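Subject: Structure handover

Hello,

Here is the structure you are taking over. Please open it next to this message and follow the residues as they come up.

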Amino acid sequence: MPEIPDLQSPDYAAKATHLISYRDHSLSHQHHQHLFATAEGILIVIGWGTLLPIGVMIARFCRKVPMKCNEWYSSHIACQLLGYILGTIGWSIGIWLQTSSPQHYASATRRTLSIVAFTLINLQMLSICTRPKKDQGYCMSWNICHHVVGYVIVVIVIANIFEGINTNKSDEADKLMKWAYLGILCVLALTVAALEVLRCIKSKMLLQSVESASTMYSSSPEIK
């Protein structure tokens with residue numbers, strides 16, 4: 001017959017107090033871990049997942065066609081730099097959670113995508129300091145590499161975000177973040193599509209005006 005514990009004994013009271021304290025500490029620790037994990041996701045979504053693509057859009061659509069902006073380069077750099085800082089803070093929080101909490105699981109695919117994205121983003125930030133002048137011979141090659149790497153970063157970051165969200169499908173915060181980011185991507189995609197159409201139309205109009213001016217010049221009588 002099992003021994004019935006004496007509820008009035010000091011030892012039982014001490015053990016019960018210790019268990020309650022341990023449970024409360026464990027719940028508090030899990031709560032803080034969950035808050036840090038949520039902050040990680042929000043910072044990466046806003047920084048890498050939203051501001052970096054907006055910076056790419058500024059560089060593509062605000063230089064000449066369809067919306068000419070004299071301050072496009074400073075706006076592009078500011079948007080990219082802010083996105084880099086926020087996303088890197090979120091990425092650092094994720095690394096800290098993975099090393100300090102075994103409950104914070106990250107798949108091998110997500111870890112690989114995160115490392116690749118972080119490496120390429122740092123290379124893009126460093127390339128700003130090595131941007132050549134227009135009169136230098138390798139300026140066009142630098143621009144092509146910079147643009148291609150920028151587009152690759154956007155694709156990898158989006159894949160990394162959805163991979164991280166799909167890892168914790170049962171988390172309500174991750175479900176909410178998934179739908180919120182899907183909404184952000186839809187808005188960005190529709191904006192890009194509209195600007196691309198406008199860009200094609202304006203480019204075609206400029207080409208027609210140049211051809212018309214060239215035809216008028218070639219058909220005009222020579223001045224003797």
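I will begin with the surface. R63, K64, K68, R131 and K134 gather there in a patch of positive charge. One of these residues, K68, is found in the loop between α1 (10-61) and α2 (72-100). With a relative accessible area of 66%, K68 is exposed, because exposed means over 50%.

Please keep in mind that this is a predicted model.

A second surface patch is nonpolar and consists of M140, I144, V148 and V152. Together these four residues have about 380 Å² of accessible area. I144, one of them, is found in helix α4, which covers residues 139-167.

Next, the overall layout. The protein chain has five helices and zero strands. Read from the N terminus on, its elements run α-α-α-α-α. Of the 224 residues in the protein chain, 30% are buried.

Salt bridges

How many salt bridges does a search of the whole structure find? The search finds two.

One salt bridge is formed by the side chains of R110 and E40, at 2.8 Å from N to O. R110 lies in helix α3 and E40 in helix α1, so this pair ties together parts that are 70 residues apart in sequence. Are these two residues buried or exposed? R110 counts as buried, at 11% relative accessibility. E40 also counts as buried, at 4% relative accessibility. Both assignments follow because buried means under 20% relative accessible area.

The side chains of R60 and E196 also meet in a salt bridge, at 2.5 Å from N to O. This pair links distant parts of the chain, with R60 in helix α1 and E196 in helix α5 (residues 172-219), 136 residues apart. R60 counts as partly exposed, at 28% relative accessibility. E196 counts as partly exposed too, with a relative accessibility of 21%. These two values fall between the cut-offs of 20% and 50%, so the residues are called partly exposed.

Polar contacts

Two residues of helix α3 are worth finding in the viewer. What does the side chain of S114 contact? It makes a polar contact with the side chain of N160, at 3.1 Å. S114 has its place in helix α3. This serine is buried, with a relative accessible area of 11%.

Q124 is found in helix α3 as well, which spans residues 108-129. A polar atom of the side chain of Q124 lies 3.1 Å from the backbone oxygen of H146. Note that the H146 atom in this pair belongs to the backbone, while the Q124 atom belongs to the side chain. Q124 counts as buried, at 10% relative accessibility.

Pairs separated along the chain

The remaining items are pairs of residues, with the distance taken between their C-alpha atoms. For each pair, compare the separation along the chain with the separation in space.

F61 lies in helix α1 and counts as buried, at 1% relative accessibility. How many residues apart in sequence are F61 and L195? They are 134 residues apart in sequence, and their C-alpha atoms are 7.0 Å apart in space.

V45 also lies in helix α1. This valine is buried, with a relative accessible area of 9%. V45 and G83 are 38 residues apart in sequence, and from C-alpha to C-alpha they are 9.4 Å apart in space.

W72 has its place in helix α2. It is buried, with a relative accessible area of 17%, because that value is under 20%. The C-alpha atoms of W72 and R60 are separated by 9.5 Å, and the two residues are twelve residues apart along the chain. R60 is the arginine that forms the salt bridge with E196, so one stop in the viewer can serve for both pairs.

If you want an order for looking through the structure, start with the two salt bridges. Then go to the contact between S114 and N160, and to Q124 with H146. After that, look at the C-alpha pairs, including F61 with L195. Finish at the surface with the positive patch that includes K68 and the nonpolar patch that includes I144.

Regards

Terms used: Residues are numbered from 1 along each chain as its sequence is written. This is a predicted model: local features need pLDDT of at least 70, side-chain atom pairs count only at pLDDT 80 or more; totals for chains, interfaces and linings use all residues. Side-chain values use heavy atoms; hydrogens and water are left out. Patches are made of residues with over 30% relative accessible area and no salt bridge: like charges are joined within 9 Å, nonpolar side chains (Val, Leu, Ile, Met, Phe, Trp, Tyr) within 5 Å. Accessible areas come from the Shrake-Rupley method with a 1.4 Å probe; for residues, only the protein chains shown count as cover. Lys and Arg count as positive and Asp and Glu as negative; His and the chain ends are not counted. The place of a charge is taken as NZ of Lys, CZ of Arg, CG of Asp or CD of Glu. Helices (H or I, at least four residues) and strands (E, at least two) are DSSP runs, numbered from the N terminus. Buried means under 20% relative accessible area, exposed over 50%, partly exposed in between (1.4 Å probe, protein chains only). A polar contact is a pair of N or O atoms within 3.5 Å; within protein, one must be able to donate a hydrogen and the other to accept it, and residues adjacent in sequence count only if both atoms are side-chain atoms.
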